[in-house]
Amino acid sequence: MTYVDASIAPMRNTGKVKLHDEAAFAGMRKAGRIAAEALDMLVPKVVPGVTTEELDRLVFNFALDHGVLPALVDYRGYTKSTCTSINHVVCHGIPDDKRLREGDIVNIDVTLLVDGWHGDTSRMYGVGEIPRKAERLLDITHESLMRGIAAVRPGATTGDIGHAIQTFAEAERCSVVRDFCGHGIGRLIHDAPNILHYGKRGEGIELKPGMIFTIEPMINLGRPHVKILSDGWTAVTRDRSLSAQFEHSVGVTETGVEVFTFSPLGLHKPPYAR
Ligand code: MF3
Ligand code: CO
Ligand code: CO
């Protein structure tokens with residue numbers, strides 16, 4: 001694998017892994033915080049009867065109110081500010097006029113462009129009271145993400161991240177979606193390298209200080225297989241089992257990892273209030 005100094009690399013995905021400087025980390029810190037604040041803002045808004053389009057509009061307005069851009073608008077033909085993935089939807093659900101119902105679980109994924117840097121993060125939300133098996137899936141998925149993050153340090157590999165996620169999720173009798181992965185991020189929303197959420201220790205590429213990427217495991221209660229609906233975006237579990245996802249944008253530091261997208265309000269996973 002070749003690594004390049006991000007400050008002099010072309011601003012496109014060349015397949016090489018960009019190593020970022022302290023100014024980039026500062027940019028990502030700010031972008032990540034505002035993206036996380038958008039997810040915090042949604043917590044009291046995710047209630048029975050609200051539509052995903054209404055939630056999307058709140059994020060769009062939040063972005064403009066903060067002088068930042070909703071980066072998904074116009075991204076590869078996408079038209080919304082968020083992805084909203086309900087129950088058996090794995091990812092890339094498109095906000096629409098469907099109303100959330102008591103007991104639903106929904107992932108809301110935001111990517112905001114702040115002074116040229118992308119903050120990409122998602123969380124799960126429960127709509128009212130949710131079933132015990134859904135709550136269990138959310139806990140397992142969040143813990144999977146945190147174990148993946150805990151594997152990040154210089155000298156570790158991308159495979160170590162995937163291994164940490166996969167071994168935990170599968171020990172809990174859940175499955176890891178293979179069809180989507182985390183990604184390098186920075187001035188580009190999707191850059192090298194891919195961050196697989198499964199794998200073996202020592203596989204993949206070596207992590208070096210200055211790397212910036214997302215970790216965003218999708219974990220299913222049933223089988224891992226997905227299909228894409230005819231809208232060309234929405235990914236669902238083939239067996240219609242429940243699916244969950246959490247996402248953070250992180251950077252590799254000299255000693256370990258920095259998470260850019262932690263909730264400033266400490267709203268890390270449901271239940272956000274009891
Ligand atoms: N935020 C998503 C991610 O984690 C991007 C989805 S691309 C879209 O990579 F076009 F579907 F929004
Ligand atoms: Co992402
Ligand atoms: Co995302």
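**Exercise 1. Burial of a metal-binding residue**

Determine whether D120 is buried or exposed in this predicted model.

*Solution.* Step 1: the relative accessible area of D120 is 3%. Step 2: a residue counts as buried when this value is under 20%. Step 3: D120 is therefore buried. E247 is treated in the same manner: with a relative accessible area of 1%, E247 is buried as well.

**Exercise 2. The donors of two cobalt ions**

State which protein residues serve as donors to the cobalt ion (ligand 3) and which to the cobalt ion (ligand 2), and identify what D120 does between the two ions.

*Solution.* Step 1: for the cobalt ion (ligand 3), the protein donors are D109, listed with OD twice, together with D120 (OD) and E247 (OE), at 2.0 to 2.4 Å from the ion. Step 2: for the cobalt ion (ligand 2), the protein donors are D120 (OD), H183 (NE2), E216 (OE) and E247 (OE), which lie 2.0 to 2.2 Å away. Step 3: D120 coordinates both ions; it bridges the cobalt ion (ligand 2) and the cobalt ion (ligand 3) across a separation of 3.3 Å.

**Exercise 3. Spacing along the chain**

Give the sequence spacing of the donor residues at the cobalt ion (ligand 3), and explain which parts of the chain D120 and E247 tie together.

*Solution.* Step 1: the donor residues of the cobalt ion (ligand 3) follow the pattern D-x10-D-x126-E. Step 2: D120 belongs to strand β7 (residues 117–126), while E247 sits in the loop between β15 (243–245) and β16 (248–252), so this pair ties together parts that are 127 residues apart in sequence. Step 3: for the cobalt ion (ligand 2), the corresponding pattern is D-x62-H-x32-E-x30-E.

**Exercise 4. Geometry at the metals**

Classify the site of the cobalt ion (ligand 3) from the angles among its donor atoms, and do likewise for the cobalt ion (ligand 2).

*Solution.* Step 1: ideal angles for six octahedral donors are 90 or 180 degrees. Step 2: six donors count as octahedral if opposite donors are over 155 degrees apart and all others lie between 65 and 115 degrees. Step 3: the six donor atoms of the cobalt ion (ligand 3) make angles of 59 to 170 degrees, and the site is irregular. Step 4: the six donor atoms of the cobalt ion (ligand 2) span 50 to 159 degrees, and this site too is irregular.

**Exercise 5. Cysteines and disulfides**

Find how many disulfides the model contains, and explain why C91 and C181 do not form one.

*Solution.* Step 1: a disulfide requires two cysteine sulfur atoms within 2.5 Å. Step 2: the cysteine sulfur closest to that of C91 is in C83, 7.4 Å away, which is too far for a bond. Step 3: for C181, the closest cysteine sulfur is in C91, at 10 Å, again too far for a bond. Step 4: the count is zero disulfides. As to their surroundings, C91 is buried at 5% relative accessible area, whereas C181 is partly exposed at 25%.

**Exercise 6. A sheet of three strands**

Describe the order of strands in the open sheet that contains β12, and name the strands that stand at its edges.

*Solution.* Step 1: the order is β8-β12-β15, with antiparallel pairing. Step 2: β8 (175–176) and β15 are the edge strands; each has a single partner strand, so one side of each lacks a neighbour in the sheet. Step 3: three bridges pair β12 (residues 218–220) with β15, and I219 has A244 in β15 as its bridge partner. Step 4: helix α3 (residues 132–150) lies across β12 and β15, at about 40 degrees to β15.

**Exercise 7. Strand β10 and its cis bond**

Explain why strand β10 is largely enclosed, and locate the cis peptide bond that leads to P193.

*Solution.* Step 1: four of the five residues of β10 (residues 191–195) are buried, so the rest of the structure largely encloses this strand. Step 2: β10 runs antiparallel to β9 (residues 182–184), joined by three bridges, with G184 opposite D191. Step 3: six residues form the hairpin connection from β9 to β10. Step 4: the cis bond runs from A192 to P193, with omega near -5 degrees, and P193 is placed in β10.

Terms used: Residues numbered from 1 in each chain as written. Chains lettered and ligands numbered in written order. Predicted model: local features only at pLDDT ≥ 70, side-chain atom pairs only at ≥ 80, totals over all residues. Heavy atoms only, no water. Donors = N, O, S within 2.8 Å, 3.2 Å for Na, K, Ca; no water. Tetrahedral: all angles 85-135°; square planar, octahedral: opposite > 155°, others 65-115°. Helix = DSSP H or I, 4+ residues; strand = E, 2+ residues; numbered from the N terminus. Buried < 20%, exposed > 50% of the residue type's maximum accessible area, 1.4 Å probe, protein only. Pairing = 2+ DSSP bridges. Contact = heavy atoms within 4.5 Å. Axes fitted to C-alpha atoms, helices over the stretch in contact; angles between N-to-C directions.
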